[in-house]
Amino acid sequence: MRSELAIYSLQTSTVHSVLKTDRLIEAPNFTTDAKQLLINSDGRLYWIDLSDPQMGEVDTGFAVHCNNDHGISPDGKLIVISNSPDPRGSRIYTLPIGGGEPVLVQDLSPSYWHGWSPDGQTLAYVAKRGETFQVYTCPVGGGEETQITFGF
């Protein structure tokens, strides 16, 4: 496996290679100041400082089975992750931007984070409740979920 992390410039139509590695890396997210990227690899999260592109591991406490569903809050203070700590499946957590012990947001599983409201108050995610996957939302601090889609 070989991965390359690259940034495409819309203004110049050029591609800048940031990092090449023999590991699988996925799902880059810019920090709010655009100086770093947050990526995942092998169930862990890593920072890539664009001025010195090396993989620096994020302390995610017990959450060492993260998938590629992660992101940074609009105010840049929190990271949201989807982590599968046991056979029940993926659940959603938040942790401080500098790392630390995750706080459970959504205990129902499986739940896979996909978006953060612009005001930073609501999370959107895909979850399987019953036979199908649908889109849901819940407060970033946890609480009752609201089903948004009702498809097949």
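This is a short tour of one protein chain, with a suggestion of what to select at each stop. Keep in mind throughout that the model is predicted.

**The whole chain**

Start with the full chain in cartoon view. You will find 14 strands and zero helices, so the order of elements from the N terminus on is simply β-β-β-β-β-β-β-β-β-β-β-β-β-β. The radius of gyration is 16 Å, close to the 15 Å that the globule rule gives for 152 residues, so the chain is as compact as a globular protein of that length. Turn the C-alpha trace along its principal axes and it spans about 45 × 35 × 30 Å.

Now switch on the surface. The accessible surface comes to about 8,300 Å², and carbon and sulfur atoms hold 53% of that. Of the 152 residues, 40% count as buried. Among contacts with a separation of 6 or more, 26% are between residues 24 or more positions apart. If you colour by charge, look for 10 positive and 18 negative charges, whose mean positions are 3 Å apart.

**Stop 1: aspartate 22 and the start of the chain**

Select aspartate 22, in the loop between strand 2 (14–21) and strand 3. Is this residue buried or exposed? Aspartate 22 is exposed, with a relative accessible area of 59%. Add methionine 1 to the selection: the C-alpha atoms of aspartate 22 and methionine 1 are 5.7 Å apart, although 21 residues separate the two in sequence. Leaving out residues up to four places away in sequence, aspartate 22 touches Met1 and Arg2. With arginine 2, the link is a polar contact between the two side chains, at 3.0 Å.

**Stop 2: two residues with positive phi**

Most residues other than glycine have a negative phi. Two residues here are worth a look with that in mind.

Go to alanine 27, in strand 3 (residues 26–30). Alanine 27 has a positive phi of about 55°, though it is not a glycine. This residue is partly exposed, at a relative accessible area of 24%.

Then pick aspartate 42, in the loop between strand 4 (36–41) and strand 5 (44–49). Aspartate 42 also is not a glycine, and its phi is positive at about 55°. With a relative accessibility of 60%, aspartate 42 counts as exposed.

**Stop 3: threonine 31**

Select threonine 31, which sits in the loop between strand 3 and strand 4. Threonine 31 is buried, with a relative accessible area of 11%. Show its side chain and follow it to the backbone nitrogen of lysine 35, which it reaches at 3.4 Å. Beyond residues up to four places away in sequence, threonine 31 touches Gln36, Trp47 and Ile72. Keep isoleucine 72 displayed for a later stop.

**Stop 4: a cis peptide bond**

Most peptide bonds are trans. Zoom in on serine 109 and proline 110 for a cis one: omega is about 0° for the bond that joins them. Proline 110 is in the loop between strand 10 (103–106) and strand 11 (111–116).

**Stop 5: glycine 120**

Move on to glycine 120, in the loop between strand 11 and strand 12 (122–129). Glycine 120 is buried, with a relative accessible area of 15%. Which residues does glycine 120 touch, not counting residues up to four places away in sequence? They are Pro74 and Val140. Bring back isoleucine 72 as well: its C-alpha atom is 9.8 Å from that of glycine 120, with their positions 48 residues apart along the chain.

**Stop 6: glutamate 145**

Finish at glutamate 145, in the loop between strand 13 (132–139) and strand 14 (146–147). What relative accessible area does glutamate 145 have? The value is 16%, under the 20% cut-off, which means that glutamate 145 is buried. Show the side chains around it and look for two polar contacts. The side chain of glutamate 145 meets that of tyrosine 125 at 2.7 Å, and that of arginine 129 at 2.9 Å. Residues that glutamate 145 touches, with those up to four places away in sequence left out, also include Gln106, Leu108, Tyr136, Thr137 and Cys138.

Notes:
Residues numbered from 1 in each chain as written. Predicted model: local features only at pLDDT ≥ 70, side-chain atom pairs only at ≥ 80, totals over all residues. Heavy atoms only, no water. Helix = DSSP H or I, 4+ residues; strand = E, 2+ residues; numbered from the N terminus. Rg over C-alpha atoms; globule rule 2.2 N^0.38 Å. Buried < 20%, exposed > 50% of the residue type's maximum accessible area, 1.4 Å probe, protein only. Contact = heavy atoms within 4.5 Å. Areas by Shrake-Rupley, 256 points an atom, 1.4 Å probe, with all protein chains shown as cover. Lys, Arg positive; Asp, Glu negative; His and termini not counted. Charge placed at Lys NZ, Arg CZ, Asp CG, Glu CD. Polar contact = N/O pair within 3.5 Å; in protein donor to acceptor, adjacent residues only side chain to side chain.
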